[in-house]
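Me: Could you take me slowly through a single part of this model and what surrounds it? I would like one connected account, with the cut-off behind each term stated as you go.

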Amino acid sequence: MSATSKAPALAFVRGIFSVLVLLLVWELGARSKHWMAGDLFAPLRGLLALLGFKPGYLPCLGAAPAPSGVVRSWVAILGESSYWQSWAKSFLRVMGGFLAAMLVGIPFGLSLAVSRVAFGVAFPVFEVLRPIPPLAWVPAAIIFWPTQELSISFVTFLGAFYTIVINVVGGARSIDVRYFQAARSMGSSRWDLFRRIILPGTLPSIVVGAVVGMGITWEVVVAAEMISGGGSQVGGTGGGGLGFFIWNSYVGGSYEQIVVGMISIGIAGFVSSELLRLLGRRLTPWLARR
Amino acid sequence: MSEPAASTPVQAGELVAEGLCHGYGDGEDRKDVVRDCSFSIAPGKLSVMIGPSGCGKSTLVRLLAGFERPQRGVLTLDGVPITGPSRDRQVVFQESALFPWMTTYDNLVYGPRARQDDGPATHALAETLLRRVGLQGFRDSYPPQLSGGMQRRAELARALINDPKVMILDEPFRGLDALTKELMWDYCARLFEESGRTNLFVTTDIDEAVFLADRILIMSQVPTRLRAVLEVDLPRPRVLADLVDSDRANAIKAEALTLLHEEAMKSFAHGSQAAADFVEAYASKRTSR
């Protein structure tokens, strides 16, 4: 078989290997409290104390729950509906914010790119608001919106919105001027230019903006849930979203569950970005490699 | 035969430029690219415009196509002033301007669809053109999946389906390898001989010019104007290999080169790197002949 057909399999093996090494190092580090107790490691303990760390275990990793413990804790809550409610809550907030950002951001970005007037009027305001981190909006959002649900979705919306708009404007503006010239020579109307040149010409940038925006949405939703109390009673157990799940685990002292929450978010973000990429590839078949 | 012909009459498509002036920048920075430029492109002929690189040929193409309006002077097609882009004047660009998001076929029928002329006759014509440019097996491929030569042929077909009065080709074969280029010359000459359409072919390649042209328009250095017109009275169809030994072809080539050399020397005096390259290329061509 050729090298090209072997390459994916090899990459897969490498990936598995790197994950296994990570788990091994993590497990060893988490158990450092036990194996570092012997006299053999006295100099290491001394060094750690000298550097200002706690001498009993390795910094960071030694304080972390071991992967074996995390898996046990994960398996234990897999059957609990509150865990899955956290998933559903965060997912709905992300989707709400993200879809709103796409629905508003794409037409807004296109109009900025197409119309000099729209650009002149709206872009300065956009550029002033853009550097404000979405999380800085959390208190304002809580005041603005009647329900906490809407506040959190609004913040996630902001996270994706700027990225999508910037990508749409950049994408539409970088369309080769010769495409417009050729189209006009062949008799395109303005609407035809928009529909058959600008829209498909911007599509690859829209996909990129959506994938990046989706990543930011997950970052933002988790922090927003932590800050706002996740829309449920503080100290309550159920349904506050994954960000609240992590915070609640921390408050409750269940360190294994913190890691379960972190990995859950990682998986959620990865899966949603991959789904978007897949959809993007279907929408832009001309970018496929031969 | 007194009734007006519905389709383009074979001898239509006379492009005339009178006193064209065009430039870029303002005040101190202003640079005239075209100054007092007048010429005419004979209907039903293949005219080749040649000049030192950077002399403003592409600016002339944009003016003729109607993408830009000349700052002074008049451009007409069959007596009608040119005010903007039109299906009467189709441009084939330097590098592929096929729409990458459309298949070969969708690219091909772009013009008719834009004009809501999407009927069975259009599709029949598109199929015929696809066969003629040898791309029937690539109708559903996207442009990035085509070779350089195929892209050029697809673009020729996309322009031809609009049945323009004038085809404007701006260094269309630049960047192709030597063999593909010669095949494309052959191809282009055949298309022209079949249709008798007015063609304006812009190039910097003297061999390309002599092989293709009925007339060669030699342009001056920038700011560009018409320097000379050479009639290329070689019989058609032409065979590239025969031209190498043809005294007439070589005489035309020598005359064109002498004129171009003078122009290049002038721009060389102005310190243009492109001109320096040209002078060098010219010298090596002389000695090799």
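Reply:
**A helix of chain B and its surroundings**

Chain B contains 10 helices and 10 strands, where helices (H or I, at least four residues) and strands (E, at least two) are DSSP runs numbered from the N terminus. This is a predicted model, in which local features need pLDDT of at least 70 and side-chain atom pairs count only at pLDDT 80 or more, while totals for chains, interfaces and linings use all residues. Residues are numbered from 1 along each chain as its sequence is written, chains are lettered from A and ligands numbered from 1 in the order in which they are written, and side-chain values use heavy atoms, with hydrogens and water left out.

Of the 289 residues in chain B, 53% are buried, a word that here means under 20% relative accessible area, with exposed meaning over 50% and partly exposed the range in between (1.4 Å probe, protein chains only). Among contacts (heavy atoms within 4.5 Å) in chain B between residues at least 6 apart in sequence, 69% join residues at least 24 apart.

The part to examine is helix H5 of chain B, residues 148–160, whose 13 residues reach 19 Å from the first C-alpha to the last, close to the 18 Å expected at 1.5 Å a residue; the expected span is 1.5 Å times one less than the number of residues. Because 12 of the 13 residues of H5(B) are buried, this helix is largely enclosed by the rest of the structure. Among those buried residues are Gly149(B), Met150(B), Arg152(B), Leu156(B) and Leu160(B). What packs against them? Within chain B, the partners of the buried residues are strand E6 (89–92), helix H2 (104–108), helix H4 (120–132), strand E7 (166–170) and helix H6 (178–195), and from chain A there is helix H9 (177–185).

Gln151(B) gives a closer view of helix H5 of chain B, in which it sits. This residue counts as buried because its relative accessibility is 18%, and, not counting residues up to four places away in sequence, Gln151(B) touches Ser96(B), Leu98(B), Pro143(B), Pro144(B) and Leu146(B).

On the chain A side, Ala183(A) belongs to helix H9 of chain A and is buried, with a relative accessible area of 0%. Leaving aside neighbours within four places in sequence, Ala183(A) is in contact with Ser188(A), Leu193(A) and Ile197(A), and also with Phe99(B) and Tyr110(B).

That leads to the interface as a whole, to which chain B gives 26 residues and chain A 19 residues. The two chains bury about 2100 Å² between them, 60% of it on carbon and sulfur atoms, buried area being the accessible area (1.4 Å probe) that two parts lose on being put together, summed over both. In chain B, the residues that lose the most area to chain A are Trp101(B), Tyr110(B) and Gln145(B), together 31% of what that side buries.

Zero salt bridges are counted between chain B and chain A, the rule asking for a side-chain nitrogen of Lys or Arg within 4 Å of a carboxyl oxygen of Asp or Glu. Eight residue pairs, both members at pLDDT 80 or more, are in polar contact across this interface, that is, they have a pair of N or O atoms within 3.5 Å, of which, within protein, one must be able to donate a hydrogen and the other to accept it, and residues adjacent in sequence count only if both atoms are side-chain atoms. On the side of chain B that touches chain A, the elements giving two or more residues are E6 and helix H3 (110–114) of chain B, and H3(B) supplies the largest share, four residues. The residues of that side divide into 13 nonpolar, six polar and seven charged, with Ala, Val, Leu, Ile, Met, Phe, Trp, Tyr, Cys and Pro taken as nonpolar, Asp, Glu, Lys and Arg as charged, and the others, Gly among them, as polar.

Salt bridges are found elsewhere, 30 over all chains. Arg113(B) forms one with Asp106(B), the closest N and O atoms being 3.0 Å apart; Arg113(B) is partly exposed at 27% relative accessible area, and Asp106(B) is partly exposed at 25%. Another joins Asp205(B) and Lys181(B) (3.8 Å, N to O). This pair links distant parts of the chain, 24 residues apart, with Lys181(B) in helix H6 of chain B and Asp205(B) in the loop between strand E8 (198–203) and helix H7 (206–212) of chain B. Asp205(B) counts as buried, at 18% relative accessibility.
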